[in-house]
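Trainee: I have a model open and would like to talk it through with you. Could we take it step by step?
Mentor: Gladly, let's put it on the screen.

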Amino acid sequence: MTTDWSKTWAGANGWYDGYDNQTNVGNFHDLSDPNLSDEERATALASVREGMIGVLEQKGVTRAQILGEGEYAGSETSKFFNDQMTAAKG
């Protein structure tokens with residue numbers, strides 16, 4: 001996979017230099033890679049999940065709202081979160 005990071009602010013400043021090669025992949029993982037072990041895939045998905053929850057919590061949304069627990073089952077926030085997790089898994 002080759003990504004043109006130069007079109008982003010961080011890429012223009014060199015933050016992502018070297019992340020496209022196989023020896024320096026950083027924390028970016030292609031979750032559709034069939035060579036990932038089940039443990040690697042689970043760890044990467046947990047990282048995506050907790051990262052997304054953390055960003056939403058910083059915006060004032062509670063973990064229960066994000067995960068659709070209890071009275072928040074089926075909420076717009078939990079639907080958004082679930083849609084994003086589905087996209088990440090794909």
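Trainee: How many helices and how many strands are there in the chain?
Mentor: A word on the source: this is a predicted model, where local features need pLDDT of at least 70, side-chain atom pairs count only at pLDDT 80 or more, and totals for chains, interfaces and linings use all residues. Residues are numbered from 1 along each chain as its sequence is written, and side-chain values use heavy atoms, with hydrogens and water left out. Helices (H or I, at least four residues) and strands (E, at least two) are DSSP runs, numbered from the N terminus. Along the sequence the pattern reads α-α-α-α, and the chain has 4 helices and 0 strands.

Trainee: What share of the 90 residues is buried?
Mentor: Buried means under 20% relative accessible area, exposed over 50%, and partly exposed in between, with a 1.4 Å probe and protein chains only. For the 90 residues of the chain, the buried share is 18%.

Trainee: How many salt bridges does the structure hold?
Mentor: Side chains of opposite charge can pair when their charged atoms come close. A salt bridge here is a side-chain nitrogen of Lys or Arg within 4 Å of a carboxyl oxygen of Asp or Glu. By that rule, the number in the structure is 3.

Trainee: Which residue in helix 3 does Glu 50 pair with?
Mentor: Glu 50 is partly exposed, at 36% relative accessible area. It sits in helix 2 (residues 38–58), and its partner lies 13 residues away in helix 3 (residues 63–67), so the pair links distant parts of the chain. The closest N and O atoms of this salt bridge are 2.9 Å apart, and the partner, partly exposed at 32%, is Arg 63.

Trainee: How far apart are the closest N and O atoms of Glu 50 and Arg 49?
Mentor: Arg 49 counts as partly exposed, with 31% relative accessibility. Salt bridges that share partners join Arg 49, Glu 50 and Arg 63 into one network. Between Glu 50 and Arg 49, the closest N and O atoms are separated by 3.0 Å.

Trainee: Which residue forms a salt bridge with Glu 76?
Mentor: Glu 76 is exposed, with a relative accessible area of 62%, whereas its partner is partly exposed at 43%. Because the two are 3 residues apart in helix 4 (residues 76–89), about one helical turn separates them. Their closest N and O atoms are 3.8 Å apart, and the partner is Lys 79.
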